[in-house]
Amino acid sequence: MSERTHDRRTIVKNLGVVGAAGVLSATTAIAASRRKVEFGAKYAGNKIDFEAWFTSTDVEGENAIARNNEIGTKSKNEDSYGYISVSTSSENSCQYSIPSDSFIHLIRVNSGELEFETGDVPDSDTESDVEIGSMSGDRTRYHVSVAGDISPRDNVENTFLIGQDGIVTDVNGNRRMNGNVTDGEDTYDISGQFVQMNLEPDIQLERYA
């Protein structure tokens, strides 16, 4: 099936050029405060293939599996982003550190079910909008928790799990969006950092300031 095209913004294939694997710009500023982010398969040992972009180019691999996959940079609209690309069947998660005041900008899940978690989340106030879409047009599902609040904005199809759909408070007290998307994008207004995610294959999640 051909890749779905967005009517609002350009899809990932036009998002820029990858920098040298594992090499970051010499001019990248090193933040005094950092936090860890972890990505892995929801079910340990299952193959997962994904990429993630961060609003800072200062991305460091914190364990061997992270360092053995691609760490680089990409550019879009004259902005530079930290970038990771991972394909693994390891039972261990990929651990990275990023500046505490930076955000996840984009995640694409090419195969496998992705789980994301982060530790200290200092920001629960910064407002942004989030688009979640299916790259192929086939239905796919997501669960995303944030440190602040969530408001649905457009084309939200929260009907796949009776009693667990919509916007809820998760077991850690964070606000969580549950949904499924086929064509178009589900869009939300959020505040704060992403805290935890479960994303099925074919999902593209993009955050805009």
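1. Let me start at one edge of the fold. Strand S4 is mostly covered, with five of its seven residues buried. Its partner is strand S5 (residues 79-88), which runs antiparallel to S4 and is joined to it by seven bridges. Within that ladder, Lys76 has Asp79 of S5 as its bridge partner. The two strands make a hairpin with two residues between them, and Asn77 in the turn has a positive phi of about 50 degrees. Please keep in mind throughout that this is a predicted model.

2. On confidence, the protein chain has an average pLDDT of 82, and 79% of the residues score at least 70. Two stretches call for care. Over residues 1-31 the pLDDT stays under 50, and the model has 66 contacts beyond four places in sequence for them. Residues 158-164 also stay under 50, with 17 contacts beyond four places in sequence. Where pLDDT is low, the predicted coordinates should not be read in detail. I would read the contacts of these two stretches with that in mind.

3. The hairpin from point 1 belongs to an open sheet of eight strands, in the order S4-S5-S2-S7-S16-S9-S14-S11, with antiparallel pairing. Strand S4 (70-76) and strand S11 (150-154) stand at its edges; each has a single partner strand, so one side of each is left without a neighbour in the sheet. From one strand to the next, the twist averages 20 degrees. Further along in this sheet, strand S9 (residues 127-134) pairs with strand S16 (residues 203-208) in the antiparallel sense over six bridges. There, Ser134 stands opposite Ile203 in S16.

4. There is also an open sheet of eight strands with the order S3-S6-S1-S8-S15-S10-S13-S12, and its pairing is antiparallel. Here the edges are strand S3 (60-61) and strand S12 (166-169), and each has a single partner strand, so one side of each is left without a neighbour in the sheet. Inside this sheet, strand S1 (residues 34-41) and strand S8 (residues 114-118) pair in the antiparallel sense over five bridges. Phe39 has Phe116 in S8 as its bridge partner.

5. Which residues have the most contacts inside the largest nonpolar core? They are Phe39, Tyr96, Ile132 and Phe194, in a core of 36 residues. Strand S2 (residues 48-54) gives the most to this core, with four residues. Phe39 is thus worth viewing twice, once as the bridge partner of Phe116 and once among the core residues with the most contacts.

6. Tyr96 is a good residue to centre the view on. Leaving aside its neighbours within four places in sequence, its contacts include Val37, Phe39, Val59, Ala66, Ile71, Ile84 and Val86. Charged residues are on the list too, among them Arg35, Lys36, Glu60 and Glu62.

7. Gln196 sits in strand S15 (residues 194-199). Is Gln196 buried or exposed? At 18% relative accessibility, Gln196 counts as buried, because the cut-off for buried is under 20%. Beyond its neighbours within four places in sequence, Gln196 is in contact with Glu115, Phe116, Glu117, His143, Val144 and Ser145.

8. Now for the charged pairs. Side chains of opposite charge can pair when their charged atoms come close. The count of salt bridges comes to nine. One of them joins Lys42 to Glu113, with the closest N and O atoms 3.6 Å apart. Lys42 is in the loop between S1 and S2, while Glu113 is in the loop between strand S7 (104-111) and S8, 71 residues apart. Lys42 is partly exposed, with a relative accessible area of 31%.

9. Lys74 forms a salt bridge with Glu51, where the closest N and O atoms are 3.7 Å apart. This pair links strand S4, which holds Lys74, to strand S2, which holds Glu51, across 23 residues. Both Lys74 and Glu51 are buried. Along with Arg108, Glu51 and Lys74 are linked in a network of salt bridges.

10. A last pair to look at is Arg141 and Glu200, whose side chains meet in a salt bridge (2.9 Å, N to O). Arg141 lies in strand S10 (residues 140-146) and Glu200 in the loop between S15 and S16, so the pair ties together parts that are 59 residues apart in sequence. Arg141 is partly exposed, with a relative accessible area of 29%, whereas Glu200 counts as buried at 16% relative accessibility.

Definitions and conventions:
Residues numbered from 1 in each chain as written. Predicted model: local features only at pLDDT ≥ 70, side-chain atom pairs only at ≥ 80, totals over all residues. Heavy atoms only, no water. Pairing = 2+ DSSP bridges. Axes fitted to C-alpha atoms, helices over the stretch in contact; angles between N-to-C directions. Core = buried A, V, L, I, M, F, W, Y, C linked by side-chain atoms within 4.5 Å. Buried < 20%, exposed > 50% of the residue type's maximum accessible area, 1.4 Å probe, protein only. Contact = heavy atoms within 4.5 Å. pLDDT = per-residue confidence, 0-100. Salt bridge = Lys/Arg side-chain N within 4 Å of Asp/Glu carboxyl O.
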